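Student: I have a model open on my screen and would like a close look at one part of it. Could you walk me through that part and then show me how it sits in the rest of the chain?

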Amino acid sequence: MDTHQKFVEDMESVGIKVNKEYYGRYFYRGPAVNTREKDWPTLQDVIRATNVPVQWDNMARDYVVYPK
């Protein structure tokens, strides 16, 4: 199973909505999660929900999290 598929499965298993297409830095294209730092999920919620190594882009107060 590739890391993208595992990331999606992990997020869906805990009820975190996954965006199927995100165009991020370093030419990344694939699944990602938007956080809501004042609500749920936070960056830490996403990190704890998976063993897949992730990276994130800062979007004002929130983040977009995606597999490395």
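Which residues of α1 are buried?

Tutor: Happy to. Please keep in mind that this is a predicted model. The mean pLDDT of the protein is 94, and 100% of its residues reach 70 or more. Confidence still varies between elements: strand β1 (residues 19–23) has the lowest mean pLDDT, at 90, while helix α2 (residues 43–48) has the highest, at 98.

Now to your helix. The buried residues in α1 are Phe7, Val8, Asp10 and Met11. They lie on the same side of α1, because they cover an arc of only 165° around its axis. The background is helix geometry: an α-helix has 3.6 residues a turn, so residues three or four places apart point the same way.

What do those buried residues pack against? Their partners are β1, β2 (29–34), α2, β3 and β4 (62–67). To place those partners along the chain, note that the protein has two helices and four strands, and that from the N terminus on they run α-β-β-α-β-β. The radius of gyration is 11 Å, close to the 11 Å that the globule rule gives for 68 residues, so the protein is as compact as a globular protein of that length. Along its principal axes, the C-alpha trace spans about 35 × 25 × 20 Å.

Among the buried residues of α1, Asp10 carries an acidic side chain, so let us stay with Asp10 for a moment. Aspartate 10 lies in helix α1, which covers residues 3–13. Its relative accessible area is 9%, and Asp10 counts as buried because that is under the 20% cut-off. What does the side chain of aspartate 10 meet there? A polar contact of 2.5 Å joins the side chain of aspartate 10 to that of threonine 50. Leaving aside residues up to four places away in sequence, aspartate 10 touches Ala49, Thr50, Asn51 and Val52. Just after α1 comes glycine 15, with a positive phi of about 85°.

A second buried aspartate is worth setting beside Asp10. Aspartate 57 is in strand β3, residues 54–59, and β3 is one of the elements that the buried residues of α1 pack against. With 10% relative accessibility, aspartate 57 counts as buried. Which side chains does aspartate 57 reach through polar contacts? Tyrosine 22 is one partner, at 2.6 Å, and tyrosine 66 is another, at 2.9 Å. Beyond four places in sequence, the residues touching aspartate 57 are Tyr22, Gly24, Arg25, Asp62, Tyr63, Val64 and Tyr66.

Tyr63 and Val64 come up again if you move to strand β2 and look at asparagine 34. Asparagine 34 touches both of them, along with Asn19 and Pro41, not counting residues up to four places away in sequence. Its side chain also makes a polar contact of 3.5 Å with the side chain of asparagine 19. In burial, asparagine 34 counts as partly exposed, with 39% relative accessibility. For a sense of distance back to your helix, asparagine 34 and histidine 4 are 30 residues apart in sequence and 15 Å apart in space, C-alpha to C-alpha.

Pro41, just named as a neighbour of asparagine 34, has a backbone detail of its own. The peptide bond leading from tryptophan 40 into proline 41 is cis, with omega near 0°, and proline 41 lies in the loop between β2 and α2. Another detail sits in the loop between β3 and β4, where you will find alanine 60. Alanine 60 is not a glycine, yet has a positive phi of about 60°. For background, most residues other than glycine have a negative phi, and most peptide bonds are trans. Is alanine 60 buried or exposed? At 71% relative accessibility, alanine 60 counts as exposed.

Stepping back, here is the whole chain around your helix. Of the 68 residues in the protein, 41% are buried. Among contacts with a separation of 6 or more, 50% are between residues 24 or more positions apart. The protein exposes about 4500 Å², with 50% of that supplied by carbon and sulfur atoms.

Technical notes
Residues numbered from 1 in each chain as written. Predicted model: local features only at pLDDT ≥ 70, side-chain atom pairs only at ≥ 80, totals over all residues. Heavy atoms only, no water. Buried < 20%, exposed > 50% of the residue type's maximum accessible area, 1.4 Å probe, protein only. Polar contact = N/O pair within 3.5 Å; in protein donor to acceptor, adjacent residues only side chain to side chain. Contact = heavy atoms within 4.5 Å. pLDDT = per-residue confidence, 0-100. Rg over C-alpha atoms; globule rule 2.2 N^0.38 Å. Areas by Shrake-Rupley, 256 points an atom, 1.4 Å probe, with all protein chains shown as cover. Arc of directions from axis to C-beta.
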